[in-house]
Amino acid sequence: MAKIEKILFTYEEISERIKELGKKISEDYQGKTPILACILKGAVYFAVDLTRSLSIPFILDFISILSYGPSKETFGIVRITKDLDTNIYNKDVIIVEDIVDTGLSLAYLLKVLKAREPSSLKVCTFLDCPGRRIIDVPIDYKGFEIPNYYVVGYGLDYNEDYRNLMYIGVLEK
């Protein structure tokens, strides 16, 4: 198993940032009940903590997509393997993502969900890695911007390992 080279964000830093995001989303959606569309599996840890910091009602739903490619790369070939259970027509939807890197998977998901005609569709990502971006995608809320590192922990994995780490670590090359 590869080793963690360094810790990028501690659990305390993560917790504080998620509280700030929850407060901002609660202010922006005051009087509304947004659907939080959590992308499995990586965003689960983030979504759970984010919902705990919201002061508004919400609906939590899950969607799973599969990107094809070697374990550390994606080629933008994506398909939905588990769809939302909630009808999002005329509803406010926030996609909850673990990391936006190339933007290919998110661009696909935005296209699919926009076709279902939600009243609004926004993106909340835990991590943003603009150095790997291939397609420009809108990000409305983000936890942290990171350099072009392969990171693990707090839901992000490498071959299903490291998801349970309470921090974000950089994987040794």
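Here is a quick briefing on the packing and the odd backbone spots in this structure. Keep in mind that the model is predicted. The main nonpolar core holds 30 residues and is the largest one here, and a separate core of 18 residues sits apart from it. Beyond the cores, there is a cis peptide bond between Leu 40 and Lys 41, plus a positive phi at Asn 90 and another at Tyr 154.

**The largest core**

- Phe 46, Phe 126, Leu 127, Val 151 and Ile 168 are the members that touch the most other members of this 30-residue core.
- Many elements chip in: strands E1 (4-9), E2 (35-40), E5 (92-100), E6 (120-128), E7 (141-145) and E9 (168-171), along with helices H1 (11-28) and H2 (44-52), each supply at least two residues.
- H1 gives the largest share, with 4 residues.
- As background, nonpolar side chains in soluble globular proteins tend to be buried together.

**Leu 127 up close**

- Leaving aside residues up to four places away in sequence, Leu 127 touches Phe 9, Asp 98, Ile 99, Val 100, Phe 144, Ile 146, Val 151, Leu 156 and Ile 168.
- Two of those partners, Val 151 and Ile 168, are also on the list of residues touching the most other core members.

**The other core**

- Apart from the largest core lies another one, of 18 residues.
- Its members include Ala 37, Ile 39, Ile 63 and Leu 110.

**Backbone oddities**

- The peptide bond joining Leu 40 and Lys 41 is cis, with omega at about -5°.
- Lys 41 belongs to the loop that runs between E2 and H2.
- Asn 90 isn't a glycine, yet its phi is positive, at about 60°.
- You'll find Asn 90 in the loop between strand E4 (78-82) and E5, and it counts as exposed because its relative accessible area is 54%, over the 50% cut-off.
- Tyr 154 isn't a glycine either, and its phi is also positive, at about 50°.
- Tyr 154 sits in the loop between strand E8 (151-152) and E9, but here the residue is buried, with a relative accessible area of 3%.

**Ser 64 in E3**

- Ser 64 is part of strand E3, which covers residues 59-67.
- With 14% relative accessibility, Ser 64 falls under the 20% cut-off, so this serine counts as buried.
- Skipping residues up to four places away in sequence, Ser 64 touches Leu 40, Arg 79, Ile 80, Thr 81 and Lys 82.
- One of those contacts, Leu 40, is also a partner in the cis peptide bond with Lys 41.

Definitions and conventions. Residues are numbered from 1 along each chain as its sequence is written. This is a predicted model: local features need pLDDT of at least 70, side-chain atom pairs count only at pLDDT 80 or more; totals for chains, interfaces and linings use all residues. Side-chain values use heavy atoms; hydrogens and water are left out. A nonpolar core is a set of buried Ala, Val, Leu, Ile, Met, Phe, Trp, Tyr and Cys residues joined through side-chain atoms within 4.5 Å. Buried means under 20% relative accessible area, exposed over 50%, partly exposed in between (1.4 Å probe, protein chains only). Contact means heavy atoms within 4.5 Å.
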